[in-house]
Amino acid sequence: MNSLEITRTQMRKQAALQDAQRLMAKAYRGVEYIDAHHTALKPQKRTELVYRGIRYSI
């Protein structure tokens with residue numbers, strides 16, 4: 001193996017790792033991650049609003 005081949009192999013490996021990390025980051029976006037160091041997110045409360053006497057919630 002010459003030095004050019006080694007360099008190409010390393011570049012391909014690094015590119016594959018970056019692609020995999022990017023895809024994993026996109027795949028788990030917005031999903032809770034709970035383990036020994038992370039706690040569950042607080043549930044969102046429904047907000048009660050009034051506009052000109054008409055009640056609605058979001």
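## Overall architecture

The chain contains one helix and two strands, and in this predicted model the order of these elements from the N terminus on is α-β-β.

Of the 58 residues in the chain, buried residues account for 0%. The surface that the chain exposes comes to about 6300 Å², and carbon and sulfur atoms supply 57% of that area.

## The β-hairpin

Strand S1, which covers residues 48-51, runs antiparallel to S2, and the two are joined by four bridges. Strand S2 spans residues 54-57 and includes Tyr56. Within this pairing, Val50 is placed opposite Arg55 of S2.

Together, S1 and S2 form a hairpin in which two residues lie between the strands. One feature of the turn concerns its backbone, since Arg52, located there, has a positive phi of about 55°.

## The nonpolar patch

Tyr51, Tyr56 and Ile58 make a nonpolar surface patch of about 350 Å². Two of these names lead back to the hairpin: residue 51 falls within the range 48-51 given for S1, while Tyr56 lies in S2.

How is Tyr56 to be classed, as buried, partly exposed or exposed? Tyr56 has a relative accessible area of 38%, and because partly exposed residues are those between the limits of 20% and 50%, Tyr56 counts as partly exposed. The value of 38% also satisfies the requirement that patch residues have over 30% relative accessible area, so a partly exposed residue such as Tyr56 can contribute to the patch with Tyr51 and Ile58.

How values were computed: Residues are numbered from 1 along each chain as its sequence is written. This is a predicted model: local features need pLDDT of at least 70, side-chain atom pairs count only at pLDDT 80 or more; totals for chains, interfaces and linings use all residues. Side-chain values use heavy atoms; hydrogens and water are left out. Patches are made of residues with over 30% relative accessible area and no salt bridge: like charges are joined within 9 Å, nonpolar side chains (Val, Leu, Ile, Met, Phe, Trp, Tyr) within 5 Å. Accessible areas come from the Shrake-Rupley method with a 1.4 Å probe; for residues, only the protein chains shown count as cover. A salt bridge is a side-chain nitrogen of Lys or Arg within 4 Å of a carboxyl oxygen of Asp or Glu. Buried means under 20% relative accessible area, exposed over 50%, partly exposed in between (1.4 Å probe, protein chains only). Two strands pair if DSSP finds at least two bridges between them.
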